[in-house]
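Me: I am new to this structure. Please show it, then let me ask how its labels are earned.

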Amino acid sequence: MKIRFGYVSHALSLYNCSPAKTLTLTRYKAMEQNERLDKLMDVTSQNIKNTFRALHYNVSQQIPLYRMSSSMVPLATHPEVEFDYLNIFLDQFKEIGEFIKKNQLRVSFHPNQFTLFTSDKPHITDNAVIDMEYHYNVLEAMGIANQSVINIHVGGAYGNKELAVNRFFENIKKLPARIKKQMTLENDDKTYTTAETLEICVKEKIPLVFDYHHHIANNCEEPLESLLPKIYHTWESTSLTPKIHISSPKSDKEFRAHSDLINIDFIKPFFDLAKAIGEDIDIMIEAKKKDIALLQLMDDLSKIRGYKRIDGGTIEV
């Protein structure tokens with residue numbers, strides 16, 4: 001089996017390469033009218049350029065997975081901001097998409113925790129739809145919407161998990177079918193366990209992005225060896241390899257927080273189980289040191305008997 005790896009948005013090995021430079025609404029509104037568009041274009045241009053720099057770096061390091069920053073276009077979904085970013089940057093988006101396709105990279109988005117479908121407040125759901133549309137539109141402008149995913153969490157429980165899940169089933173109907181087709185759900189570290197998230201995914205025919213760290217922090221009764229094949233099965237309706245998130249606890253006291261690097265002892269039980277199943281998987285590393293953590297993990301895994309590093313970001317087991 002092959003395990004491919006990637007990291008989240010910011011290539012720390014590159015100088016001044018943040019793809020998530022920001023412009024706050026307060027600062028935007030304080031500007032003169034004629035300055036606002038220039039500033040939006042300047043910040044977005046830097047973020048797009050740095051996204052492209054990171055993608056070039058990934059190809060040079062043979063890193064096949066990459067999560068693009070949701071903050072690529074600042075204030076893109078704010079109702080008080082008019083910014084035709086799709087047309088303004090269409091050529092740049094197309095160039096990035098062609099580069100991704102040419103080099104067979106797998107990219108994704110992961111909107112923030114406020115993009116959810118369990119709320120009883122209609123405006124929260126409406127905003128979630130708007131945010132999902134933004135992410136999808138960027139992928140579509142790049143020409144890669146049909147091969148990329150937008151990953152979110154189920155949402156809050158609001159004191160009654162059963163009612164919240166029922167609201168999810170109702171609220172998700174507001175999401176256009178073309179976007180829902182590209183979405184995934186992830187088990188979280190406090191509320192929805194792997195088993196609960198899996199049940200929702202099966203009912204809605206949504207692939208499940210399994211997070212091992214979250215699973216350990218928010219465990220369920222069903223053993224992982226029986227859950228994992230079912231999780232893989234949720235991806236069968238797509239042309240994509242099942243995707244996994246890994247990270248390590250910062251400390252025993254701050255167990256849910258991510259550490260700088262990946263602790264091989266913490267993550268090894270998952271790799272042992274994945275090896276026993278034998279199916280190819282793609283892994284997104286959610287560590288504070290991002291690409292540095294990925295390269296360190298490649299070194300650590302390659303020292304284990306039975307794990308062969310075949311390029312910069314791929315292990316053969």
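Reply: What follows is a set of short questions and answers on the labels used for this model.

Me: What kind of model is this, and how are its residues numbered?
Reply: This is a predicted model, where local features need pLDDT of at least 70, side-chain atom pairs count only at pLDDT 80 or more, and totals for chains, interfaces and linings use all residues. Residues are numbered from 1 along each chain as its sequence is written, and side-chain values use heavy atoms, with hydrogens and water left out.

Me: How do you know that the span of helix 5 agrees with its number of residues?
Reply: Helices are DSSP runs of H or I with at least four residues, strands are runs of E with at least two, and both are numbered from the N terminus. The expected span of a helix is 1.5 Å times one less than its number of residues. Helix 5 covers residues 122–142, which is 21 residues, so it should span 30 Å. Its end C-alpha atoms are 31 Å apart, which agrees.

Me: Which residues of helix 5 are buried?
Reply: Buried means under 20% relative accessible area, exposed means over 50%, and partly exposed lies in between (1.4 Å probe, protein chains only). In helix 5 the buried residues include T125, A128, D131, Y134 and H135. After the helix comes G143, with a positive phi near 80 degrees.

Me: Why is H213 called buried?
Reply: Its relative accessibility is 1%, so H213 counts as buried. H213 sits in helix 9 (residues 212–217).

Me: What does H213 touch?
Reply: Contact means heavy atoms within 4.5 Å. Leaving out residues up to four places away in sequence, H213 touches S247, S248, P249, F255, R256, A257, H258 and F266.

Me: What makes the pairing of H213 and S247 a polar contact?
Reply: A polar contact is a pair of N or O atoms within 3.5 Å; within protein, one must be able to donate a hydrogen and the other to accept it, and residues adjacent in sequence count only if both atoms are side-chain atoms. The side chains of H213 and S247 make such a contact at 2.7 Å.

Me: Is N187 buried or exposed?
Reply: N187 has 0% relative accessibility, so it counts as buried. Its place is the loop between strand 5 (183–186) and helix 8. A polar atom of the N187 side chain lies 2.8 Å from the backbone nitrogen of D211. Contacts of N187 beyond four places in sequence include H153, Y192, L208, D211 and H215.

Me: Why is E204 called buried?
Reply: E204 has 14% relative accessibility, so it counts as buried. E204 belongs to helix 8 (residues 194–204). Beyond four places in sequence, E204 is in contact with F168, F169, I172 and K180.

Me: Why do S9 and N16 get different burial labels?
Reply: S9 has 11% relative accessibility, so it counts as buried. N16 has a relative accessible area of 46%, so it is partly exposed.

Me: What is the phi of S9, and of N16?
Reply: Most residues other than glycine have a negative phi. S9 has a positive phi of about 55 degrees and is not a glycine. N16, also not a glycine, has a positive phi near 45 degrees. S9 is in the loop between strand 1 (2–8) and helix 1 (25–30), and N16 lies in the loop between strand 1 and helix 1.

Me: What makes an empty space a cavity or a pocket?
Reply: On a 1 Å grid over the protein atoms alone, a cavity is a set of points where a 1.4 Å probe fits but cannot get out. A pocket is an open set with protein on both sides within 12 Å along at least five of seven lines. Lining residues have an atom within 4 Å of a point. Grid points are joined across faces, edges and corners, and a volume is the space filled by probe spheres set on the points.

Me: How many cavities count by this rule?
Reply: There is 1 cavity of 30 Å³ or more. The largest cavity has a volume of about 40 Å³. Its lining includes R67, S108, H110, N151 and K243.

Me: What is known of the largest pocket?
Reply: The largest pocket holds about 1300 Å³ of space. It is lined by 47 residues, and H110, P111, N112, Q113 and F114 lie nearest its centre. Helix 5 gives the largest share of this lining, 7 residues.
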